[in-house]
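Student: Please take me through this one by way of its labels. I'd like to hear what each of them rests on.

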Amino acid sequence: MNGRSHMAVNALSAVTLNSMFHTVGAAYTWRQVTTLLASTQVVHTLLSPLLLYKLTYYVLVVLCARLPDVDRKYGRVLGGHRGFTHSCLGILLLCLFFATIITSLPLLFVLAGMRIQPVFLEEVKVMCEAVLTGWVLHISADALTRGGVPLLWPAPTRYGFPPKSLWRFKVGTIWEDMLLWTVIFGVGFGIGTGVLGV
């Protein structure tokens with residue numbers, strides 16, 4: 001997929017994921033948002049940690065939409081474009097890296113004689129989840145293209161959805177735009193009807 005398509009799909013998919021799994025708290029419907037903005041509690045809500053987590057999550061998911069494509073620049077080291085960074089091994093190592101950060105950070109603060117705030121620790125967790133979500137969404141979007149993704153890298157076989165590559169779209173064609181607009185319309189409709197929220 002093109003970079004702009006990745007960013008749009010990541011943003012809209014993050015809204016859908018948070019609505020379904022409450023990754024960063026319960027999703028606000030448009031009705032709740034407008035009611036909140038008209039109430040006297042708006043300042044309290046704008047300063048709440050929950051809003052900070054939501055902003056962090058959505059911004060990082062969008063910013064990380066192109067992160068797996070770092071292999072374009074460092075292709076030889078990372079197994080070429082759509083190599084290591086587009087594989088299950090890459091995701092596993094990213095999970096291990098973030099798990100190490102989340103578990104060792106409180107210990108580092110204790111050893112330094114500092115007290116860690118729960119809000120800060122939760123923010124770090126949200127950041128790790130957002131980067132990982134953005135990464136996985138990128139790979140999922142690339143799996144919809146004719147080139148597919150090497151999920152079992154270093155094995156060269158590429159996988160995609162649908163399984164036959166002829167049924168998937170070619171990057172940069174009208175089919176990519178149609179998929180993008182379908183996602184935009186679907187998520188917009190879901191938000192408008194209250195099925196999905198931010």
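Student: Where does histidine 22 sit?

Tutor: Histidine 22 is in the loop between H1 and H2, in a chain whose residues are numbered from 1 as the sequence is written. Keep in mind that this is a predicted model: local features need pLDDT of at least 70, side-chain atom pairs count only at pLDDT 80 or more, totals for chains, interfaces and linings use all residues, and side-chain values use heavy atoms, with hydrogens and water left out.

Student: Why is histidine 22 called partly exposed?

Tutor: Check the cut-offs: buried is under 20% relative accessible area, exposed is over 50%, and partly exposed is what falls in between (1.4 Å probe, protein chains only). Histidine 22 has 42%, so partly exposed is the right label.

Student: And what makes its backbone worth a second look?

Tutor: The phi of histidine 22 is positive, about 50°, although the residue isn't a glycine. Most residues other than glycine have a negative phi. Histidine 22 also follows H1.

Student: What makes H1 a helix on paper, and how does its reach match the expected one?

Tutor: Helices are DSSP runs of H or I with at least four residues, strands are runs of E with at least two, and both are numbered from the N terminus. H1 has 19 residues, and the expected span is 1.5 Å times one less than the residue count. That gives 27 Å, and the first-to-last C-alpha reach of 26 Å is close to it.

Student: What is tucked away in H1, and what covers it?

Tutor: The buried residues of H1 include Gly3, His6, Val9, Leu12 and Val15. Among the elements covering the buried residues of H1 are H4 (49-63), H6 and H7.

Student: Which label does leucine 17 get, and what does it touch?

Tutor: Leucine 17 belongs to H1, and its relative accessible area of 26% makes it partly exposed. Contact means heavy atoms within 4.5 Å. Leaving aside neighbours within four places in sequence, leucine 17 is in contact with His22, Thr23, Tyr57, Thr133 and Leu137. Leucine 17 and phenylalanine 189 are 172 residues apart in sequence, yet their C-alpha atoms are 15 Å apart in space.

Student: How do you know that the span of H7 agrees with its length?

Tutor: H7 covers residues 174-193, so its 20 residues should span 28 Å, and its end C-alpha atoms are indeed 28 Å apart.

Student: Which residues of H7 are buried, and what makes them a face?

Tutor: Glu176, Leu180, Val187, Gly190 and Ile191 are the buried ones. Looking down the axis of H7, they fall within an arc of 100°, so they line one face of the helix. The arc is taken from the directions that run from the helix axis to the C-beta atoms. The general point behind it: an α-helix has 3.6 residues a turn, so residues three or four places apart point the same way.

Student: What lies on each side of H7?

Tutor: H1 (3-21) and H2 (30-38) are among the elements covering the buried residues. On the other side, the exposed residues include Trp175, Trp181, Phe185 and Phe189. After H7 comes glycine 194, with a positive phi near 85°.

Student: How do you know which peptide bonds are the odd ones?

Tutor: Most peptide bonds are trans. The bond joining tryptophan 153 and proline 154 is cis, with omega about 15°, and the one from phenylalanine 161 to proline 162 is cis too, with omega near -5°. Proline 154 lies in the loop between H6 (118-142) and H7, and proline 162 is in the loop between H6 and H7.

Student: What about leucine 89: which label fits, and what does it touch?

Tutor: Leucine 89 is in H5 (residues 88-111), and at 34% it counts as partly exposed. Not counting residues up to four places away, it touches Phe84, Leu151 and Trp153.

Student: How many helices and strands does the whole chain have, and how much of it is buried?

Tutor: The chain comes to seven helices and zero strands, and buried residues make up 37% of its 198 residues.
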